[in-house]
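Dear colleague,

Please find below the structure that I am handing over to you. My account of what was found in it follows directly after.

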Amino acid sequence: MNQPWETAFSARDDLQAYGDNALGLFALGLKFGIEDLDTIAADSITDGSDDKKCDIVYIDEDEAVAVISQCYLSRKYRETAPANKASDLNTAVAWLLQRPISDLPPRIVSAANQLRNALTANKISTIHIWYIHNLNESTNVKEELLTVEASANAALKTHYPGIATKVHALEIGQSIFNEWYTDTLSPILVNDTFNVEVINGYEVTGPDWTAYITSVSARFLHRVFKRYRTRLFSANVRDYLGSRSSDSNINHGIKRTAESDPLNFWVFNNGLTVLVNSYEKPDNNQRGKKYLTISGISIVNGAQTTGAIGSLKKSPSDEVQVPVRFVQTSNPDLVLNIVQFNNSQNKVTASDFRSTDKIQKRLKNEIIVIPNAEYEGGRRGGFGDAIKRRQNFLPSYTVGQSLAALHGDPVTAYNQKTDIWINDRLYSKYFNEDTTGAHIVFAYSLLRAVENRKLILMNKAKKGDANLTQSEDKQITFLRKRGSIYLLVSAIAACLEVFLGRRIPNLYRISFGVQVSPHDAQKIWSEIVDVTAPLSAQLEEAVNDGLKSIERVNTVMQKFQGLIEVTADANEKKYRAFQSHLTAR
């Protein structure tokens, strides 16, 4: 009989195209709450005949994590997974971290470069090394992975001295999948009991809930954040997004106030809403102090306050008090509403929280009328959405990336997906009064068409490189380089005037209209991608050592555009067919 996680995995028919790596993608989704696994797959899967035992290399500098994984999906019952595939991860670590780049096979060069650059820049706090399978965990595999962990630590010490990156090797089999899957079903992941000192407070009751309103010391938040990190925010629509040393950044302001004006922190801060399993009202103890006892904690509203306090170098003063309401309910529908309304009803002043602004509300309403399209407007899905496939869902981060790439900024699209939502300048550049729901579908579907082109070529290459034509071999060589997908999206978008045979005064006004679904839009774009992808080798110089230089991007895009113009007559029929689908406001 299948375990619940296996049933959920089997239902993800969108992942089946990735073979054994589907299990690895599923694990990433469970662990990190990733909604758009197709985009992760397009960037992270390195699996092939010369992958040096690296099936997936996932790097997220925003979260400061990297994952090196070996995936094994058994189609028949076995008690445990073969231990030799765990030891293969020693090979993966050696090639990714130690061997000269010139010795690496083309399939993993880009992944190794990105990982090494991130380590050098001290942007990776943890490297996870995973052996992922659908069988029971075993002592033999555990022992092999301890060796892998030791080897990785030794490599880091030798080649990256002075960095504080941790290595965590883990066998992910039946029990871990069950644990992670169960975590996604509950909004509260931290289930410990806490005795929280409070000064005063009062209880409020509702039809299916009770709440205790009080203040807690910032020292308590500092301590629990250090211990539990983002698990504290399991019921929140976002985690802590970091702080910058500028007056415009609210998180930096929270930290500054806690350090320099502790007595006024309470009146300056909106406070926290905390979901708990249960609480016991405080009584005076022998010393006259009051302690609220809570079981379980998930911060529904106040992730930025908690993260800012928790990231202080020193524990804050006892004088820093934070207003909090602890809410207890056993009604799962009410929990979902508490999560939703606490993050949309009250206007959040941080510039990085966009789901309640008027542009996102308008875009969400515009996309509702487009067939088979769903958009949350900056808000991530609920605590269970990471394991479910929402077939028509347009993930907010991917939408932002596709808009940036379409409008000529692949460097931002690939390297600053979070900053598109955090930074006011970037946000207003891509989400403005000219941006429409139909235009979002236009940009998003181009990104999906390019990703699908790569998937087709990768599946063909798995059968042997001899199956690829010379042109296809050049295309897959380019598309294996990290950032290449966003660069190709930008390059294709830069040629729209060639495809249309006329000037485009405002690109935001171009779309396929409100009657074309994202799926059908992807099909329309696929015709253009198939015609232009053979020229993608012209773009390779800009991604050889990572997609970083805007100057190089502009140079290669001009070359690409020139070739598209030269070959326009030969492709006139396809371009006219593409034109017939376009509308302009």
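**A helix across two strands**

Helix α6 (residues 139-159) lies across strands β3 and β4 and runs at about 160° to β4. Please keep in mind throughout that this is a predicted model.

**The sheet**

The strands just named belong to an open sheet of four strands, in the order β1-β2-β3-β4, with mixed pairing. Its edge strands are β1 (56-60) and β4 (166-172), each of which pairs on one side only. On average, neighbouring strands of this sheet are turned by 15° against each other, direction ignored. As general background, the strands of a sheet pair through backbone hydrogen bonds, either parallel or antiparallel. A second helix, α2 (residues 21-32), lies across β1, β2 and β3 (126-133), and runs at about 130° to β3.

**Strand β1 and its partner**

β1 pairs with strand β2 (residues 65-72) in the antiparallel sense, over five bridges. Two residues of β1 show how the strands are matched: valine 57 has isoleucine 68 in β2 as its bridge partner, and tyrosine 58 has valine 67. The two strands form a hairpin with four residues between them, and alanine 64 in the turn has a positive phi of about 60°.

Which way do the residues of β1 point? Ile56, Tyr58 and Asp60 point one way, whereas Val57 and Ile59 point the other way. This may be read beside a general rule: in a regular strand the side chains alternate between the two faces of the sheet. Is β1 enclosed or open? Five of its five residues are buried, so β1 is largely enclosed by the rest of the structure.

**A buried threonine**

Threonine 532 is found in helix α22 (residues 518-532). Why does threonine 532 count as buried? Its relative accessible area is 0%, and a residue is called buried when this value is under 20%. The side chain of threonine 532 reaches the backbone oxygen of isoleucine 528 at 2.9 Å. Leaving aside residues up to four places away in sequence, threonine 532 touches Ile492, Phe499, Phe560 and Ile564.

**Salt bridges**

The count of salt bridges comes to 16. Three of them are described here.

One is formed by glutamate 203 and lysine 281, whose closest N and O atoms are 3.5 Å apart. This pair links distant parts of the chain: glutamate 203 is in strand β6 (residues 201-205), while lysine 281 is in the loop between β9 (278-280) and β10 (290-301), 78 residues apart. Both residues are partly exposed, glutamate 203 with a relative accessible area of 34% and lysine 281 with 49%.

Another joins arginine 362 to glutamate 366, with the closest N and O atoms 3.0 Å apart. These two residues are four residues apart in helix α13 (residues 358-368), and therefore about one helical turn separates them. Arginine 362 counts as partly exposed at 23% relative accessibility, and glutamate 366 is partly exposed at 25%.

In the remaining example, the side chains of arginine 448 and glutamate 451 meet at 2.6 Å, N to O. Both lie in helix α18 (residues 437-462), three residues apart, about one turn of the helix. Are arginine 448 and glutamate 451 buried or exposed? Arginine 448 is buried, and glutamate 451 is buried as well. Salt bridges that share partners join Asp36, Arg448 and Glu451 into one network.

Yours sincerely

Conventions
Residues are numbered from 1 along each chain as its sequence is written. This is a predicted model: local features need pLDDT of at least 70, side-chain atom pairs count only at pLDDT 80 or more; totals for chains, interfaces and linings use all residues. Side-chain values use heavy atoms; hydrogens and water are left out. Two strands pair if DSSP finds at least two bridges between them. Axes are lines fitted to C-alpha atoms, for helices over the stretch in contact, and angles run from 0 to 180 degrees between N-to-C directions. Contact means heavy atoms within 4.5 Å. Buried means under 20% relative accessible area, exposed over 50%, partly exposed in between (1.4 Å probe, protein chains only). A polar contact is a pair of N or O atoms within 3.5 Å; within protein, one must be able to donate a hydrogen and the other to accept it, and residues adjacent in sequence count only if both atoms are side-chain atoms. A salt bridge is a side-chain nitrogen of Lys or Arg within 4 Å of a carboxyl oxygen of Asp or Glu.
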